[in-house]
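Visitor: Hi, could you walk me through this one? I'm new to reading structures.
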Amino acid sequence: PTAATAAAAADHSAPAAPAYVLTARRVTGCVLCAVGASHLSFEHLEIGYSRGTPVSVVDSNYVSFRNVTVRAAGGYGMTVQDGNNCEVVDSEISGVGCRALDIIGGNTASLTPANHSVRGNLIHNYARLHRTYNPGISWGGVGNHFIGNTIRDAPHAAILGGGVLNTFEHNTIERVAYEVDDAGAFYTGRSWVERGNVVQHNHF
């Protein structure tokens, strides 16, 4: 923490400065890992330079990432697998080797929603090492929400996956799928199970 952060901690009326930086140049696994966790909040963090996937959340509930920057990773940027009510908000993911954000939750057999939320994020310059089928947002499951994100500058899809009763609204997609022929900025299908998804008010 910086002097500004220490001063803010001493004065509880002052907001904390976004001054925490986690670098992991020799880490091949995750830097920030949550397994079976509940009610955690991460804010004003910068995580970078991991050889693997720096942020991983598995089977966890109510885990929140706000104003978090993930950059320069060799694997995915962030993964959220199963659990419910996790969120990634007002954050930035860039310069990663594979998928920027991989988020799956909900049960398609019982139609139980996960209610994960991805809102207001900037996702760009991903899939730098593995150029295809590594989208900005890889999604799956039931009842998740993707709203107000900007996804740009990548060789293949921006949003790719499949599920039931998910919502995609007010997202902006720019300059993607520029190295391939058989692709789409938004790509899904090939299953009769995948119904009830809403895609509206997006800008391509």
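Guide: Happy to. One thing up front: this is a predicted model.

Visitor: Okay. What does the secondary structure of the chain come to?
Guide: The chain has one helix and 21 strands.

Visitor: How do the strands go together? Take the open sheet with β3 in it: what is its order?
Guide: That open sheet has seven strands. The order is β3-β6-β9-β12-β15-β18-β21, and the pairing is parallel.

Visitor: Which strands stand at the edges there?
Guide: β3, residues 38–43, and β21, residues 198–200. Each has a single partner strand, so one side of each is left without a neighbour in the sheet.

Visitor: And how far are neighbouring strands of this sheet turned against each other?
Guide: By 5° on average, with direction ignored.

Visitor: What holds paired strands together, in general?
Guide: Backbone hydrogen bonds pair the strands of a sheet, either parallel or antiparallel.

Visitor: Give me a pair to look at. How many bridges join β9 to β12?
Guide: Three. β9 covers residues 87–89, β12 covers residues 117–119, and the two run parallel.

Visitor: Which residue in β12 is the bridge partner of Val 88?
Guide: Val 118.

Visitor: Now the open sheet with β2. What order does that have?
Guide: The order is β2-β5-β8-β11-β14-β17-β20. This open sheet has seven strands, with parallel pairing.

Visitor: Which strands are at its edges?
Guide: β2, at 32–35, and β20, at 186–187. Each has a single partner strand, so each has one side without a neighbour in the sheet.

Visitor: Over how many bridges do β5 and β8 pair?
Guide: Four, in the parallel sense. β5 spans residues 55–58. One partnership to find: Ser 56 bridges to Thr 79 in β8.

Visitor: Switching to the inside. How much of the chain is buried?
Guide: Buried residues make up 45% of the 204 residues.

Visitor: Which residues touch the most other members of the largest nonpolar core?
Guide: Phe 65, Met 78, Tyr 126, Ile 137 and Ile 159. That core has 37 residues.

Visitor: Let's pick Phe 65. What does Phe 65 touch?
Guide: Leave out residues up to four places away in sequence. Then Phe 65 touches Leu 32, Phe 42, Val 55, Val 57, Met 78, Glu 87, Val 88, Val 89 and Ser 91. You met Val 88 as the bridge partner of Val 118.

Visitor: What about contacts across the chain? What share join residues at least 24 apart?
Guide: 54%, among contacts between residues at least 6 apart in sequence.

Visitor: I see cysteines. How many disulfides are there?
Guide: The count comes to one. Cys 30 is joined to Cys 33, with S to S at 1.4 Å.

Visitor: Which hand does that disulfide have, and why?
Guide: The torsion about the S-S bond is about 105°, so the disulfide is right-handed.

Visitor: Where do the cysteines sit, buried or exposed?
Guide: It varies. Cys 30 is partly exposed, at 29% relative accessible area. Cys 33 is partly exposed too, at 44%. Cys 86 is buried, at 3%. Cys 98 counts as buried, at 10%.

Visitor: Where is Ser 94, and is it buried or exposed?
Guide: Ser 94 is in strand β10, residues 92–94. Ser 94 counts as buried because its relative accessibility is 6%, and the cut-off for buried is under 20%.

Visitor: What is Ser 94 in contact with?
Guide: Val 70, Arg 71, Ala 72, His 124 and Asn 125, leaving aside neighbours within four places in sequence.

Visitor: Now the loops. What is the phi of Asp 82?
Guide: About 65°, which is positive although Asp 82 is not a glycine. Asp 82 lies in the loop between β8, at 78–81, and β9. Asp 82 is partly exposed, at 37% relative accessible area.

Visitor: And what is phi for Asn 115?
Guide: Near 60°, a positive value in a residue other than glycine. Asn 115 is in the loop between β11, at 101–105, and β12. At 36% relative accessibility, Asn 115 counts as partly exposed.

Visitor: Last stop. Where does Asp 182 lie?
Guide: In the loop between β19, at 172–176, and β20. Asp 182 counts as exposed, at 59% relative accessibility. Asp 182 and His 156 are 26 residues apart in sequence, and 9.5 Å apart in space, C-alpha to C-alpha.

Note on methods. Residues numbered from 1 in each chain as written. Predicted model: local features only at pLDDT ≥ 70, side-chain atom pairs only at ≥ 80, totals over all residues. Heavy atoms only, no water. Disulfide = S-S within 2.5 Å. Buried < 20%, exposed > 50% of the residue type's maximum accessible area, 1.4 Å probe, protein only. Core = buried A, V, L, I, M, F, W, Y, C linked by side-chain atoms within 4.5 Å. Contact = heavy atoms within 4.5 Å. Pairing = 2+ DSSP bridges. Axes fitted to C-alpha atoms, helices over the stretch in contact; angles between N-to-C directions.
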